[in-house]
Every structure is written in C-alpha cells, then in structure tokens.
Amino acid sequence: MDCVFCKIAAGEIPTSAVYQDELAYAFGDISPKAPVHVLIIPREHIGSLAEAGADKRALLGHLMGVAGKIARQKGLAKGYRVVVNTGEEGGQSVEHLHLHLMGGRQMTWPPG
Ligand code: AMP
Ligand code: ZN
C-alpha cells in the first residue's frame, strides 16, 4: 500500500520519532501550525476515524493516552489541543488515521 504514514511508521521515510511503542508512532508535523505540533499514528493502517470499528476502541484510547504523555513530556502544562481531521469536510489530507497534538500558543475556537 502506498501510504506515507505507513512508511514513516515502518522507518522507510526518516523522521525523528517523538515517541514510539508497539502500537503507536509519533513524529513532528512537517508543516507545524503551533510551537509543538506532533502527529500520533497507529502502526496499523486505518484510513480514518470513520473506518475505525468497535474493535479499534482500545487502540484509539491508547493513542489518546500517548497524546497526553507527549504533552506532559513537552511541558504543555497550560493546555493543548488534540485534533482528528476526518474525511473531506473534516479537512483530512493524509488517509491514515492520525491525531494532531498542538500546543505552545493560545488556540482559538472555532477552528476554520
Ligand atoms: P490532515 O490534514 O489532518 O490529514 O493532516 C496531515 C498532516 O500531515 C499535515 O499537517 C501535514 O503537514 C502532515 N504531513 C504530511 N506529510 C508529512 C510527512 N512526510 N512528515 C510529517 N508530516 C507530514
Ligand atoms: Zn497507512
């Protein structure tokens, strides 16, 4: 499968890992929109949150936990945002489920 995030998780495209374990891989966004902008992905290919069935609930929870762990490691004590763009209207551009962890500046609401 020609999926850029699968290749990143497999080490075929070099990135500096922010965190990794047997289920998840995290790395810096190539086009950061905040002082801290980390992408957290499952090693397993899942196209989007819309494609994640009930059997993926534990994995999704794990990814959220990883986001919290990285936020603590990055010192984001004043807060941060975790975003999962999903599908065309959700603004998803890479079709491998990913969490954006963003922090280090004041976020606004609603996002564009
Ligand atoms: P989304 O628009 O929610 O699908 O987010 C995809 C994100 O992946 C964007 O913020 C891109 O900047 C980022 N991105 C795309 N290719 C790479 C790459 N090779 N390494 C790191 N980040 C990437
Ligand atoms: Zn993939």
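**A five-stranded sheet and a zinc site**

Strands β2 (residues 24–28) and β3 (residues 36–42) run antiparallel and are joined by five bridges. This pairing is a convenient place to enter the structure, which is a predicted model. Within the pair, phenylalanine 27 has leucine 39 of β3 as its bridge partner, while glycine 28 stands opposite valine 38 in β3. In general, the strands of a sheet pair through backbone hydrogen bonds, in either a parallel or an antiparallel way.

On to the wider sheet. β3 also pairs with β5, again in the antiparallel sense and over five bridges. Here isoleucine 40 has leucine 99 in β5 as its bridge partner. Taken as a whole, the sheet is open and has five strands in the order β1-β2-β3-β5-β4, with antiparallel pairing. The edges are formed by β1 (17–20) and β4 (80–83); each has a single partner strand, so one side of each is left without a neighbour in the sheet. From one strand to the next, the twist averages 20°. Helix α2 (residues 57–73) packs on this sheet and touches β1, β2, β3, β4 and β5. The direction of helix α2 makes about 155° with that of β3.

Strand β3 deserves a second look for its burial. Seven of its seven residues are buried, so β3 is largely enclosed by the rest of the structure. Both of its faces are covered: Val36, Val38, Ile40 and Pro42 are buried on one side, and His37, Leu39 and Ile41 on the other.

Attention now turns to the metal. The zinc ion (ligand 2) has four protein donors, namely Cys3 (SG), Cys6 (SG), His45 (ND1) and His96 (ND1), at 2.0 to 2.3 Å from the ion. The angles subtended by the four donor atoms around the zinc ion run from 106 to 116°, which makes the arrangement tetrahedral. For comparison, the ideal angle for four tetrahedral donors at a metal is 109.5 degrees. Along the sequence, the donor residues follow the spacing C-x2-C-x38-H-x50-H. Distant parts of the chain are linked in this way: cysteine 6 belongs to helix α1 (residues 4–9), whereas histidine 96 lies 90 residues apart from it, in the loop between α3 (87–90) and β5 (99–103).

The donors can also be described by their accessibility. Histidine 96 counts as buried because its relative accessibility is 0%. Cysteine 3 is buried as well, with a relative accessible area of 7%. Cysteine 6, at 22% relative accessibility, counts as partly exposed, since the limit for burial is under 20%. As for cysteine pairs, a search of the whole structure finds zero disulfides.

Two further details complete the tour. Serine 48 sits in the loop between β3 and α2 and is buried, with a relative accessible area of 8%. Leaving aside residues up to four places away in sequence, serine 48 touches Thr86, Gln92 and Leu97. In the segment after β5 lies proline 110. A cis peptide bond joins this proline 110 to tryptophan 109, with omega about 0°. By way of background, most peptide bonds are trans.

Note on methods
Residues numbered from 1 in each chain as written. Chains lettered and ligands numbered in written order. Predicted model: local features only at pLDDT ≥ 70, side-chain atom pairs only at ≥ 80, totals over all residues. Heavy atoms only, no water. Donors = N, O, S within 2.8 Å, 3.2 Å for Na, K, Ca; no water. Tetrahedral: all angles 85-135°; square planar, octahedral: opposite > 155°, others 65-115°. Helix = DSSP H or I, 4+ residues; strand = E, 2+ residues; numbered from the N terminus. Buried < 20%, exposed > 50% of the residue type's maximum accessible area, 1.4 Å probe, protein only. Pairing = 2+ DSSP bridges. Axes fitted to C-alpha atoms, helices over the stretch in contact; angles between N-to-C directions. Contact = heavy atoms within 4.5 Å. Disulfide = S-S within 2.5 Å.
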